[in-house]
Amino acid sequence: MSMKLYPLVFEPILQDRIWGGTKLKTDLGKTNLPTETTGESWELSDVKGNVSVVANGEYKGKTLTDLLEEYPAEVLGYKVHEKYGKEFPLLFKFLDAKDDLSIQVHPNDELAKKRHNSFGKTEMWYVMQADEGARIIVGFKEKSSPEEYLEHLENKNLIKILNEVPVKKGDVFFLETGTIHAIGAGIVIAEIQQTSDITYRIYDWDRVDANGNSRELHIDLALDAMNYNTTDTQKHYTTVENTSNVMVDCPYFTTSYLPLKGSCAINKEGSSFTVYICTEGEFEINANGEAYSFKKGDTVLIPASLKVYILSGEATLLEIGIS
């Protein structure tokens with residue numbers, strides 16, 4: 001039986017975090033926040049224990065895993081299916097950092113496979129909102145070493161050798177595995193990453209939860225996962241209307257900036273799914289004679305077999321696929 005093709009949206013999986021706030025509700029329209037410290041909305045996930053459930057149309061109530069079991073090539077695309085089987089290889093999130101996140105690092109594919117039987121965690125950030133003075137931490141200021149890094153960590157002045165970058169709305173950062181990093185307070189981010197929940201937490205600002213417990217650190221695991229060289233993480237991109245302006249192109253995903261004004265016809269060849277994240281405005285997708293409406297804060301999965309459709313409206317979209 002062939003798949004009924006239409007744009008899919010999923011129930012957000014809302015995650016409480018010690019550093020979270022309420023902007024997922026106030027800025028992105030995510031209702032029913034479980035707590036006043038809701039830090040993440042997992043928009044599209046195939047992570048075990050946090051698998052997305054379809055929120056619209058004929059497949060409402062089915063999990064992403066169910067769909068991939070039944071229609072792997074139709075959803076993923078023939079190239080992606082060939083490479084990843086029935087696994088969805090990317091994870092899409094919104095993050096609200098009311099406070100600084102921990103300083104952390106993610107392992108590469110090889111290390112993650114060996115230690116956790118998982119993908120590594122290459123990721124990118126698109127800054128949707130940033131308070132005045134907000135900053136992120138990405139990489140070392142100058143080339144470092146395990147010895148220098150451990151000495152500063154022990155002396156609680158690790159921040160001295162790390163690169164702090166002021167951010168504003170629209171900034172984009174691409175973080176290869178091994179890059180030491182932290183999202184700073186006062187920032188809302190759209191995050192695109194490999195399907196992985198492996199994080200090595202290095203320093204958590206000596207904070208404790210309501211019960212006086214500090215979160216687990218993974219200092220030993222991080223040691224050989226880290227890149228001690230300086231890295232250039234910020235990406236600059238063009239903003240041509242009704243055009244896919246490539247921001248990040250890596251083996252795991254390609255993300256483009258698509259400023260939509262009016263309408264834009266899309267014609268794909270079916271090798272990969274496409275995901276749209278609406279970061280501003282409202283838009284429609286016209287497919288198979290039907291119109292589907294979306295707004296800021298929506299994440300939409302277009303199955304790969306849905307090759308022809310029209311985008312219309314006035315919105316800022318991130319367009320993601322796998323080349």
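Select Asn32 to begin: at 67% relative accessibility this residue counts as exposed, because the threshold for that class is over 50%. The model on the screen is a predicted one, and every value along this tour is computed from it. Asn32 sits in the loop between α1 (23–26) and β2 (38–44), and its phi is positive, at about 55°, although the residue is not a glycine. Most residues other than glycine have a negative phi.

**The loop between α1 and β2**

Stay in this loop and move the selection to Lys30, which is also found between α1 and β2. Is Lys30 buried or exposed? With a relative accessibility of 8%, Lys30 counts as buried, since the cut-off for that class is under 20%. If you now display its surroundings, leaving aside neighbours within four places in sequence, you will find Lys30 in contact with Pro12, Leu14, Leu24, Lys25, Ser41, Glu43, Phe94 and Gly297. One of these, Gly297, deserves a closer view, for the side chain of Lys30 reaches the backbone oxygen of Gly297 at 2.6 Å. A distance label between C-alpha atoms can be added for Lys30 and Glu11, which are 10.0 Å apart in space and 19 residues apart in sequence.

**The open sheet**

Next, switch to a cartoon view and pick out the 7 strands that form an open sheet, following them in the order β1-β2-β5-β12-β7-β10-β14, with antiparallel pairing. The edges are β1 (13–21) and β14 (234–235), each of which pairs on one side only.

Within this sheet, select β12, residues 187–194, and colour it by accessibility: 8 of the 8 residues of β12 are buried, so the strand is largely enclosed by the rest of the structure. How many bridges join β5 to β12? There are 8 of them, and the two strands run antiparallel. On the other pairing, β7 (residues 123–130) is joined to β12 (residues 187–194) by 7 bridges, again in an antiparallel arrangement.

Ile187 is a useful residue on which to centre the view. Ala97 has Ile187 as its bridge partner in β12, and Ala130 stands opposite Ile187 as well. From there, move along β12 to Glu191, which has Trp125 standing opposite.

**The largest pocket**

Now turn on a pocket display and look for the largest pocket, whose volume is about 420 Å³. Which residues lie nearest its centre? Of the 22 residues that line this pocket, those nearest the centre are Arg17, Glu40, Asp197, Thr199 and Arg201. The lining divides into 10 charged, 6 polar and 6 nonpolar residues, so a colouring by residue class will be informative here. Several strands contribute: β1, β5 (90–97), β7 and β11 (181–183) each supply at least two lining residues, and β1 gives the most, with 4 residues.

**Helices α5 and α6**

Leave the pocket and select helix α5 (residues 109–116), beginning at its start, where a side-chain oxygen of Asn108 reaches to within 3.2 Å of the backbone nitrogen of Glu110. Then travel to the far side of the helix: just after α5, Asn117 takes a positive phi of about 50°.

The following helix to select is α6 (residues 146–154), which holds His152. With 13% relative accessibility, His152 counts as buried, because this value falls under 20%. A polar atom of the His152 side chain lies 3.0 Å from the backbone oxygen of Glu148. Not counting residues up to four places away in sequence, His152 touches Asn157, Leu158, Lys160 and Ile161.

**Two loops around α7**

The last selections lie in loops on either side of α7 in sequence. Asp206 is found in the loop between β13 (200–203) and α7, and it takes a positive phi of about 55° although it is not a glycine.

Asp232 is placed in the loop between α7 (219–223) and β14. Is Asp232 buried or exposed? At 71% relative accessibility, Asp232 counts as exposed, because the value is over 50%. To end, draw a C-alpha to C-alpha distance from Asp232 to Gly139: these residues are 93 apart in sequence and 8.3 Å apart in space.

Terms used
Residues are numbered from 1 along each chain as its sequence is written. This is a predicted model: local features need pLDDT of at least 70, side-chain atom pairs count only at pLDDT 80 or more; totals for chains, interfaces and linings use all residues. Side-chain values use heavy atoms; hydrogens and water are left out. Two strands pair if DSSP finds at least two bridges between them. On a 1 Å grid over the protein atoms alone, a cavity is a set of points where a 1.4 Å probe fits but cannot get out, and a pocket is an open set with protein on both sides within 12 Å along at least five of seven lines; lining residues have an atom within 4 Å of a point. Grid points are joined across faces, edges and corners, and a volume is the space filled by probe spheres set on the points. Buried means under 20% relative accessible area, exposed over 50%, partly exposed in between (1.4 Å probe, protein chains only). A polar contact is a pair of N or O atoms within 3.5 Å; within protein, one must be able to donate a hydrogen and the other to accept it, and residues adjacent in sequence count only if both atoms are side-chain atoms. Contact means heavy atoms within 4.5 Å.
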